[in-house]
Amino acid sequence: MTEESPKKIVKIGIIEDERFTRMLLVEMISRQEDLELVGHWGSAEEFWNAGKDVAADILLIDLNLPKESGATLIRRVKVLRPELTCVVLTASYDPIHMHDCLRHGASGYLIKDTTPDELIEAIRAVAKDGSVLSPQVARFLMEEFRSISSTDVKKPSLKVLTTRELEILQNQATGKTPKEIAHGLGLSYETVRAHLKKIYQKLHVNSREAAVGRFVMEGGQSGQRVG
């Protein structure tokens, strides 16, 4: 009779600025025999100060962090430590946040109204299968995908945009406001607004979310034409 191999202990780190929520997560994870809490931090800065070699398998990351956002943290983590699994735990249903985080390396997107049991099972699922989405997020993305796919045949591709328009759309896809885009590109606010209006007209869309959805679906990259 062969002995069963011991279960792998999954090491978890938490980055959450709300202390009450963070402590609930700490308590919840600490009660699990197959999960080990290796650290918890109230900001991205605290996480980086702990050292980029924190011995975690999975990071649970809130998006609305002070100073450096959770989305920015995910991008940096995946560059420096691509083997680290990042899972978003947020209250945000914003499709731009969903697309931005998943496109830049997040392996999961969970909503904070997930029950404790569902959250623990989601952590185990991402450790085993590599990805996880809250059911409501999965439904939202599927509905959006179907909506975009059903109308794409009638809409022009990103090739109709100029290099400057594509650059502005790429900045918008990262969640930047028109004022932030203007500052970053050295343009006036009104110039950026005019470009955005032309972008929406050319793509036959009438909202930021729809324009960003087109950009994400076509795999847009800053400073490049998409073909």
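These legends walk through several close-up views of one predicted model.

The model is predicted, so local features need pLDDT of at least 70 and side-chain atom pairs count only at pLDDT 80 or more, while totals for chains, interfaces and linings use all residues. Residues are numbered from 1 along each chain as its sequence is written, and side-chain values use heavy atoms, with hydrogens and water left out.

**View 1. The whole chain: ten helices and six strands.** Helices (H or I, at least four residues) and strands (E, at least two) are DSSP runs, numbered from the N terminus. The protein chain has 227 residues, and 43% of them are buried. Here, buried means under 20% relative accessible area, exposed means over 50%, and partly exposed is in between (1.4 Å probe, protein chains only). Take the contacts between residues at least 6 apart in sequence: 65% of these join residues at least 24 apart. A contact means heavy atoms within 4.5 Å.

**View 2. The open sheet: six strands in parallel pairing.** Reading across, the order is β2-β1-β3-β4-β5-β6. The edges belong to β2 and β6 (132-133), each of which pairs on one side only. Two strands pair if DSSP finds at least two bridges between them.

**View 3. Strand β1 and its two partners, β2 and β3.** Strand β1 covers residues 10-15, and five of its six residues are buried. With strand β2 (residues 35-41), β1 shares six bridges in the parallel sense. One spot to look for is Ile-12, whose bridge partner in β2 is Leu-37. To get from β1 to β2, the chain passes through helix α1 (residues 19-30), and this β-α-β crossover is right-handed. Right-handed means that, with the strands pointing away from the viewer, the path from the first strand over the helix to the second runs clockwise. Strand β3 (residues 58-61) also runs parallel to β1, joined by four bridges. There, Ile-15 stands opposite Ile-61 of β3.

**View 4. Strand β4, covered on both faces.** All the way along residues 85-90, this strand is packed in: six of its six residues are buried. In a regular strand the side chains alternate between the two faces of the sheet. On one side of β4 you'll find Thr-85, Val-87 and Leu-89, and on the other Cys-86, Val-88 and Thr-90.

**View 5. The neighbours of β4: β3 and β5.** Four parallel bridges link β3 and β4, and Leu-59 has Cys-86 of β4 as its bridge partner. The same two strands, together with helix α3 (residues 70-80), make a right-handed β-α-β unit. Strand β5 (residues 108-111) pairs with β4 in the parallel sense, again over four bridges. Val-87 stands opposite Gly-108 in β5, while the β5 bridge partner of Val-88 is Tyr-109. From β4 the chain crosses to β5 by way of α4, in another right-handed crossover.

**View 6. Two helices lying across the strands, α1 and α4.** Helix α1 lies across β1, β2, β3 and β4, and runs at about 160° to β2. Helix α4 (residues 95-103) lies across β4, β5 and β6, at about 145° to β5. Axes are lines fitted to C-alpha atoms, for helices over the stretch in contact, and angles run from 0 to 180 degrees between N-to-C directions.

**View 7. An aromatic cluster of Trp-41, Phe-47 and Trp-48.** Rings of Phe, Tyr and Trp (its six-membered ring) pair if their centres lie within 6.5 Å; planes under 30 degrees apart count as stacked, over 60 as edge-to-face and the rest as tilted. The structure holds two such pairs. Trp-41 and Phe-47 sit edge-to-face, 5.2 Å centre to centre with 80° between the planes. Phe-47 and Trp-48 have their ring centres 5.1 Å apart and their planes at 65°, so this pair is edge-to-face too. Trp-41 is buried at 10% relative accessible area, Phe-47 is buried at 1%, and Trp-48 counts as buried at 16%.

**View 8. A charge over a ring: Lys-179 and Tyr-189.** The charged end of Lys-179 sits over the ring of Tyr-189, 5.8 Å from its centre. A charge sits over a ring if NZ of Lys or CZ of Arg is within 6 Å of the ring centre and within 35 degrees of the ring normal.
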